[in-house]
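Got a structure in front of you and not sure where to start? Let's walk through it in questions and answers.

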Amino acid sequence: MENTLQVTKVIVYPFKESNAKIKGIATVEINEALCLRELKIKDGVNGLFVAYPLTPFYQGEDYRSIYMPMTRQFREHLENAVLEEYQKAIKSQKEG
């Protein structure tokens, strides 16, 4: 990835209840300098995806994320890192 932002650490907390739409939450470190918490791993119509925390104070019809990637390239980088770590955690849970 040519961007200077890199995911340097991902911690995933998968939920044991597999029939829920939210499959787990994740914490992500960016460049060992910024920590993003409470990313949700959700199961949607097109498979798993990462949802970003929403502000509880927004009064409009749309949802407003507290933070989110600004480029498609970085969003894909971050979400791939989270979903890869989620798959590892699920596999480890099943084996253990």
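What follows is a chat between a reader and an author about this model.

Reader: What kind of model is this, and how are residues numbered?

Author: It's a predicted model, where local features need pLDDT of at least 70, side-chain atom pairs count only at pLDDT 80 or more, and totals for chains, interfaces and linings use all residues. Side-chain values use heavy atoms, with hydrogens and water left out, and residues are numbered from 1 along each chain as its sequence is written.

Reader: In which order do the strands of the open sheet come?

Author: Strands here are DSSP runs of E with at least two residues, helices are runs of H or I with at least four, and both are numbered from the N terminus. Two strands pair if DSSP finds at least two bridges between them. The open sheet has 4 strands with antiparallel pairing, and their order is β1-β2-β3-β4.

Reader: Which strands stand at the edges, and why is one side of each left without a neighbour?

Author: An edge strand has a single partner strand, so one of its sides is left without a neighbour in the sheet. The two in that position are β1 (7-14) and β4 (47-51).

Reader: By how many degrees does the sheet twist from one strand to the next?

Author: Axes are lines fitted to C-alpha atoms (for helices, over the stretch in contact), and angles run from 0 to 180 degrees between N-to-C directions. From one strand to the next, the twist averages 25 degrees.

Reader: Which residue of β2 is the bridge partner of Ile 11?

Author: Strands of a sheet pair through backbone hydrogen bonds, either parallel or antiparallel. Here β1 and β2 run antiparallel, joined by 7 bridges. The partner of Ile 11 in β2 is Thr 27.

Reader: Is Thr 27 buried or exposed?

Author: Thr 27 sits in strand β2, which covers residues 22-30. Leaving out residues up to four places away in sequence, its contacts (heavy atoms within 4.5 Å) include Tyr 13, Cys 35 and Arg 37. Buried means under 20% relative accessible area, exposed over 50%, and partly exposed in between, with a 1.4 Å probe and protein chains only. Thr 27 has a relative accessible area of 11%, so it's buried.

Reader: What angle does helix α1 make with β1?

Author: Helix α1 spans residues 72-95 and packs on the sheet. It touches β1, β2, β3 (34-44) and β4. Its direction and that of β1 make an angle of about 45 degrees.

Reader: Which buried residues does α1 have?

Author: The buried residues of α1 pack against β1, β2, β3 and β4. They are Phe 74, Leu 78, Glu 79, Ala 81, Val 82, Leu 83, Tyr 86 and Ile 90.

Reader: Which element gives the most residues to the largest nonpolar core?

Author: A nonpolar core is a set of buried Ala, Val, Leu, Ile, Met, Phe, Trp, Tyr and Cys residues joined through side-chain atoms within 4.5 Å. The largest one has 18 residues, and Val 28, Leu 39, Leu 78 and Val 82 touch the most other members. While β1, β2, β3 and α1 each supply at least two residues of this core, the top contributor, with 7 residues, is α1.

Reader: Which residues of α1 does Val 28 touch?

Author: Not counting residues up to four places away in sequence, Val 28 touches a list of residues that includes Val 7, Leu 34 and Leu 39. Also on that list are two buried residues of α1, Leu 78 and Val 82.

Reader: Which residue forms a salt bridge with Glu 76?

Author: A salt bridge is a side-chain nitrogen of Lys or Arg within 4 Å of a carboxyl oxygen of Asp or Glu, and by this rule the count comes to 3. Glu 76 is partly exposed at 34% relative accessibility. Its partner lies 4 residues apart in helix α1, about one helical turn. With the closest N and O atoms 3.0 Å apart, that partner is Arg 72.

Reader: Where is Glu 79, and is Glu 79 buried or exposed?

Author: Glu 79 and Arg 75 both lie in helix α1, 4 residues apart, and their side chains meet in a salt bridge (3.6 Å, N to O). Arg 75 is partly exposed, with a relative accessible area of 31%. At 13%, Glu 79 in α1 is buried.

Reader: How far apart are N and O in the salt bridge of Glu 85 and Lys 88?

Author: Both residues lie in helix α1, 3 residues apart, about one turn of the helix. Glu 85 is partly exposed at 28%, whereas Lys 88 is exposed at 53%. The N to O distance is 3.9 Å.
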